[in-house]
Structure formats: C-alpha cells, structure tokens
Amino acid sequence: MDAQHGRTIVIPREIPTRDKTVVYNSPEGIPSTHVSEAYAAQQITHNNTWSQYMQPKFARAPIKEAGRVAYLGESSNLSLLVHDKHGKFDVVHYPLPENIRGARARMNELDTVEIDILHQRGAFLLPPRQLCDELVEAYFKWIAPVVPVINRSRFMRRYRDQKNPPSLLLLQAILLAGSRVCNNPQLMDANGSTTPAAMTFYKRAKALYDANYEDDRVTI
C-alpha cells in the first residue's frame, strides 16, 4: 500500500520454473513410436546388407577363403575377466577407494550447452512409473538371465529409493533393453514394432554417455 498516493501496489509472484536436470516420471517420458522416413530407409538398407551375411552358406559352410576371423578363446581379453593366474580366485578387478571413485552424476562439470542437449534429448525424462516398472521387470525377466551383469536386488533397492536412485545412465540403458522385450501397447507403433520406442531410449542413454554424465566406471 502506497500511503502517500493512496494506491495499492501489487508485487507479482515469481512463477517457479522446473529444473530441467531433475529426473521424474511423466507422460512426456513416454518414448515416441514413430521414426523419420530417412531412418526407416536406412534401416531397410542395413537389414538387407546384414541379411546377406546371414545366409546359410556363410553360417554353415567351412571357411575356405582368407578373411577376417576373430578367435575368442584363451587369447581373448574376455578370458582375463574369469581367470587370474596370479591369485587363488578368479578376480582381476578391484574396487577403487571411495575418495577417487565417482558415485554421482557430474552435474557441476557440465556446461549449460551440454545440459541443454541432454534436455533436448529427453535424457532426464522417464516414462510414467507404471510403464517404467514394466520395462524394468521385462529386463530382469528376459534379458538379465541371458546376460547377468546387473545385481537385481541391489538395483531394485535403489530403484525403489527416491532419495538414493540408481544411476540415470544405467536406468535408461535398462529401459532400452527392456523396451525390446516388453509388449506394452504404449511402446508399439502401428505395425506392432517397438523399434521407434527403443531408439528413443537409445538416444537418451547415448546422450548421457557422450556427455560423460556418469563418472562411475563400474556403472558405465
């Protein structure tokens, strides 16, 4: 109230803006079920190319001509993960001290341009909780038994903890894998394919990876 002139002064309230870096479940997080015509044409070309290498003559006939052959036996780096000739246990990787191991996203090291790119890619968006739960469940039901790289109980404990959620990069990657085996209609295009939805999750995970959003090497 302006006593001198008898006028009422209205001070406008600031409208709070949503932090673009906050991760939350929302309808906006539902992946798109459409792809561009250019991408669809590219996929057809790629599929035709790969199908040539999957013909029976390549899959069943013996190798008679010189070419690029990869032998994944004892000489492979993969064998180092299960054999340790210098110790009694099959362990060759060890945890780093907490003071030098990344545990959270490095938001303070990302500039505004990188954050804006992540926002445009929808990297901070998650599907509604019910759909998100379905994707995570599909991952652990169909993918994890074949490629058991994630400790389910440990992941789910953090997945249910709003104060200590799992790595966003890891979660987006699990949603990506889960979208390939989940039959929720929200993920399917007009032809019943989940490829467009999976591409959305892929772009979100890739954006986080390319931006070095996660600094925990084990998580990465």
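A residue is called buried when its relative accessible area is under 20% and exposed when that area is over 50%, with partly exposed in between. The exercises below apply these terms to a predicted model.

**Exercise 1. Determine which residues of helix H5 are buried, which are exposed, and how they are arranged around the helix.**

Solution.
1. Helix H5 spans residues 152-159, and its buried residues are Phe 155, Met 156 and Tyr 159.
2. These residues lie on the same side of H5, because they cover an arc of only 95° around the axis.
3. The general geometry of the α-helix is relevant here: with 3.6 residues a turn, residues three or four places apart point the same way.
4. On the other side of H5, Arg 154 and Arg 157 are exposed.
5. The buried residues of H5 pack against helix H4 (129-143) and H6.

**Exercise 2. List the salt bridges of the model and state where the partners of each lie.**

Solution.
1. The criterion is a side-chain nitrogen of Lys or Arg within 4 Å of a carboxyl oxygen of Asp or Glu. By this rule there are three salt bridges.
2. Asp 133 pairs with Arg 129, with the closest N and O atoms 3.3 Å apart. Both residues belong to helix H4 and are four residues apart, so about one helical turn separates them. Asp 133 is partly exposed, because its relative accessibility is 33%; Arg 129, at 37%, is likewise partly exposed.
3. Glu 137 pairs with Arg 152, the closest N and O atoms being 3.0 Å apart. This pair links distant parts of the chain, since Glu 137 is in helix H4 and Arg 152 in helix H5, 15 residues apart. Glu 137 has 40% relative accessibility and therefore counts as partly exposed. Arg 152 is also partly exposed, at 37%.
4. Lys 206 pairs with Asp 210 at 2.7 Å between the closest N and O atoms. Both lie in helix H7, four residues apart, about one turn of the helix. Lys 206, at 38%, is partly exposed, and Asp 210, at 47%, is partly exposed.

**Exercise 3. Establish whether Leu 118 is buried or exposed, and identify the residues it touches.**

Solution.
1. Leu 118 is found in helix H3, residues 112-120.
2. Its relative accessibility is 1%, so Leu 118 counts as buried.
3. Beyond residues up to four places away in sequence, Leu 118 touches Leu 110, Ala 123, Phe 124, Ala 207, Leu 208, Ala 211 and Tyr 213.
4. Leu 118 and Arg 204 are 86 residues apart in sequence, yet their C-alpha atoms are 7.6 Å apart in space.

**Exercise 4. Classify the loop residues Ser 26 and Thr 194 by accessibility, and give their contacts.**

Solution.
1. Ser 26 is in the loop between strand S1 (24-25) and helix H1 (37-53). Its relative accessible area is 6%, and Ser 26 is therefore buried.
2. Apart from neighbours within four places in sequence, Ser 26 is in contact with Leu 125, Leu 126, Pro 127 and Pro 128.
3. Thr 194 occupies the loop between helix H6 (168-179) and helix H7 (195-210). With 11% relative accessibility, Thr 194 counts as buried.
4. Residues up to four places away in sequence aside, Thr 194 touches Ser 179, Arg 180, Cys 182, Leu 187 and Met 188.

**Exercise 5. Describe the chain as a whole.**

Solution.
1. The secondary structure comprises seven helices and two strands, in the order β-α-α-α-β-α-α-α-α from the N terminus.
2. Of the 220 residues in the chain, 27% are buried.
3. Among contacts with a separation of 6 or more, 69% join residues 24 or more positions apart.
4. The chain exposes about 16900 Å², of which carbon and sulfur atoms supply 55%.

Definitions and conventions
Residues are numbered from 1 along each chain as its sequence is written. This is a predicted model: local features need pLDDT of at least 70, side-chain atom pairs count only at pLDDT 80 or more; totals for chains, interfaces and linings use all residues. Side-chain values use heavy atoms; hydrogens and water are left out. Buried means under 20% relative accessible area, exposed over 50%, partly exposed in between (1.4 Å probe, protein chains only). Contact means heavy atoms within 4.5 Å. Accessible areas come from the Shrake-Rupley method with a 1.4 Å probe; for residues, only the protein chains shown count as cover. The arc is that of the directions from the helix axis to the C-beta atoms.
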